[in-house]
Amino acid sequence: MGNLQIIGALLFSLFLAKCYSQEDFLRCLFKSSESNVTQNIYTPNSLTYLSILKYAQKHSRWVNSSQPNFIASPTKESEIKPVILCAKKLGLQIKIKSGGHDYEGLSYRSEFPFVMLDLSNLNKTEIDLNEETIWVQAGATLGQLYYAIANQSNVHGFPGGICFSVGTGGLISGGGLGTMMRKFGLAADNVVDARVMDVNGNILDRNKMKNDLFWAIRGGGGASFGVILAWKLKLVRVPEKVTVFTVCKKFDDNQNLLLKWENIAHQLPDKLVIRVVIQNDGTGNDKYVEMRFQALYLGPVDELIPLLKEKFPEFDLEKKDCLQEPVGDRSNRSCINKECRETSWIGSVLYFYERETTSSLEVLLKESIPKQKSYYKGTSDFVKTQISESGWEMVERLLLEEESPRIILEPLGGKLDEISESEISFPHRKGNLYNIQYLVYWHDNNENVSSQKIAWMRKLYKEMEPYVANSPRTAYLNYRDLDFGSNDDDYSYSKAKIWGEKYFNCNFERLAKVKSKVDPNNFFRTEQSIPLYQTY
C-alpha cells in the first residue's frame, strides 16, 4: 500500500469517527454478536466506567490525559470480534490493555476517538504438568500466572518479570526480561503456542497464523498485529531450594566492585543472576548513592557460598546470613548491609517484589489501586562495553542532583547468548553485557515538577550516550519511551525506523513486512506501533 492510500484510509477513518454516535456503536455491537455483548461495554455515563478506567491506569502520570469513548471488558474471547468489526466500521481506534503498565500509557490514552479493550476479565490459566506447559489468557497478571504454577508444583516455574501486577499479554509480547533469563531465556523464548484475534475477528493459533506472525508477536509487541488472547508457555524445572540475597554498598567507596560486576556478571554460571539497583539514600548533606546487588541462585545456599567466595568475595556473604529469621515487611525498609534467604522459586518471586519469602501466595492475586500516587518517567539502554570510571562518576553526580532517581542494571549472557537475534523479534542477544533501566519518580504531577523531572531524565540519557550501545542506540520495548519518536499522521515507515530500530534493530524491517500482511489497512495502531512496510 502506497503513502497516499495509507493517508486516505486514515483520513476516512477519522471522518467516520467524527460522525459516529454512542448509539451507532452499541447498535452495531448488538447486530454483530449472537450474545448481548453490550452488557460488558461501558460509556462515560456508565456507573462503573470511572472505576474500571482508574484501575486500568497503572501509570498515574497519564491519569485523565484522555478518556476512551468506550471501555469493552469482555468475559469471553468471542465478545472481542464484534468490538473490532464495529470499531473498524465507525473509524474508532482500539487500545488494547492487558495489565495497564505501558510506560507511556498507550493502552488507555489516545488523541483520537477510541475503544479501550480491557482484557483483565480474560485471566484464566490451564496447567498441564505432564506436558509441562500452561495456557494463560492475556488478561492474567504475572502474579496470577505464578500463583497457578506454585499451587500445582514446587519444582516448576516460569522466567517472567519481577513486577507481578504486570499483564502477561504485554510483557511477553515485548520480550520479558526476568531473574531466570540467563538460565532459561526470556519469557517470549518460552512461548510454544498462542491465540491471536486478527483484524477480521478470526482466531488464529500457531498453525493458522504461520511462522511470520508467531515470530513477530514474541518480542515485537502484539498490539501492532491483533489482539493477543492467550499464550501457551513452556514451564521450566526449578530446584526445590533456591537462594536470594541483597548486598548493599556505598557507591563512592565501591566503584571497583561495580566495574568488576560489569566485566563478569554476564559470564557467571547461568544459575546465578546478580542485578544492581543504584539509587539515593539519606537526605540533605548526608545524601549519598548506594548500590544494591540483588541476586537469585537456582540452588541451595551450600552451593552458592563457595561460588561467591570465588567470584565476589567482596560481598562477604556467609551461610549463617541466609539462615536468619525474616524481619517484617521489606517494602519500606532501608537497605541493610546484607541479607540472604534460602527459599522456594515462588519465595524468590516474592522477594524480588519486596515481599517476604514466607508471605502468603494470595499477595500475588492482590488487585488494588495505590492510595498514594507516584509518577515516573523511564527509559533504557543496552551496554556492550564496560562503562569507564569517569562515566560512573558522571552518573553519581547526576543522581545526587535528583530526589528519587533509580538505575537498574540487568545482566544478560547465559541462555540469551545461545539464541540468535533473529530467532524471535527481540534482538538484544550476544554482545550485550546488560540492560539499563533509568527511572525518576515524583509525587506532585503539576506541570513545573513533572517538566523538571523529565528534563533531568533527558539530561541523564544524553550524558550516557558515549557509554552505551550505538549505531543504533538500542532500547527495550517494555520500557517504552516516546522521546525516541512516534508515528506521524502518515505512519511513515522511513520515519518510524528512527525509533523502531532502537527496539528491534535489524528485525524492524521484517516486523513491518509482517504488519503489512496481517493488518494491511493499519487498523491496530498507536503512537509507536509497527507501521506498514514501504519502499521508495
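**Close-up views of a predicted model**

**View 1. Strands E1 and E2 run antiparallel and are joined by two bridges.** Strand E2 covers residues 70-72. In this predicted model, Tyr42 stands opposite Ile71 of E2.

**View 2. An open sheet is formed by four strands.** The strand order is E1-E2-E4-E3, and the pairing is mixed. Strand E1 (41-42) and strand E3 (93-97) stand at the edges; each has a single partner strand, so one side of each is left without a neighbour in the sheet.

**View 3. The rings of Phe25 and Phe70 form a tilted pair.** The structure holds 24 aromatic pairs. In the pair shown here, the ring centres of Phe25 and Phe70 are 4.4 Å apart and the planes stand at 35 degrees; the pair counts as tilted because this angle is neither under 30 degrees, as for stacked rings, nor over 60, as for edge-to-face ones. Distant parts of the chain are linked by this pair: Phe25 belongs to helix H2 (residues 22-32) and Phe70 to strand E2, 45 residues apart. Both Phe25 and Phe70 are buried.

**View 4. One aromatic cluster includes Tyr461, and the charged end of Arg473 sits over the ring of Tyr461.** The cluster is formed by Tyr438, Tyr461, Phe484, Tyr493, Trp499, Tyr503, Phe504, Phe508 and Tyr533. From the charged end of Arg473 to the centre of the Tyr461 ring the distance is 3.5 Å.

**View 5. The charged end of Arg510 sits over the ring of Trp215.** The distance from this charged end to the centre of the Trp215 ring is 3.9 Å.

How values were computed
Residues are numbered from 1 along each chain as its sequence is written. This is a predicted model: local features need pLDDT of at least 70, side-chain atom pairs count only at pLDDT 80 or more; totals for chains, interfaces and linings use all residues. Side-chain values use heavy atoms; hydrogens and water are left out. Two strands pair if DSSP finds at least two bridges between them. Rings of Phe, Tyr and Trp (its six-membered ring) pair if their centres lie within 6.5 Å; planes under 30 degrees apart count as stacked, over 60 as edge-to-face and the rest as tilted. Buried means under 20% relative accessible area, exposed over 50%, partly exposed in between (1.4 Å probe, protein chains only). A charge sits over a ring if NZ of Lys or CZ of Arg is within 6 Å of the ring centre and within 35 degrees of the ring normal.
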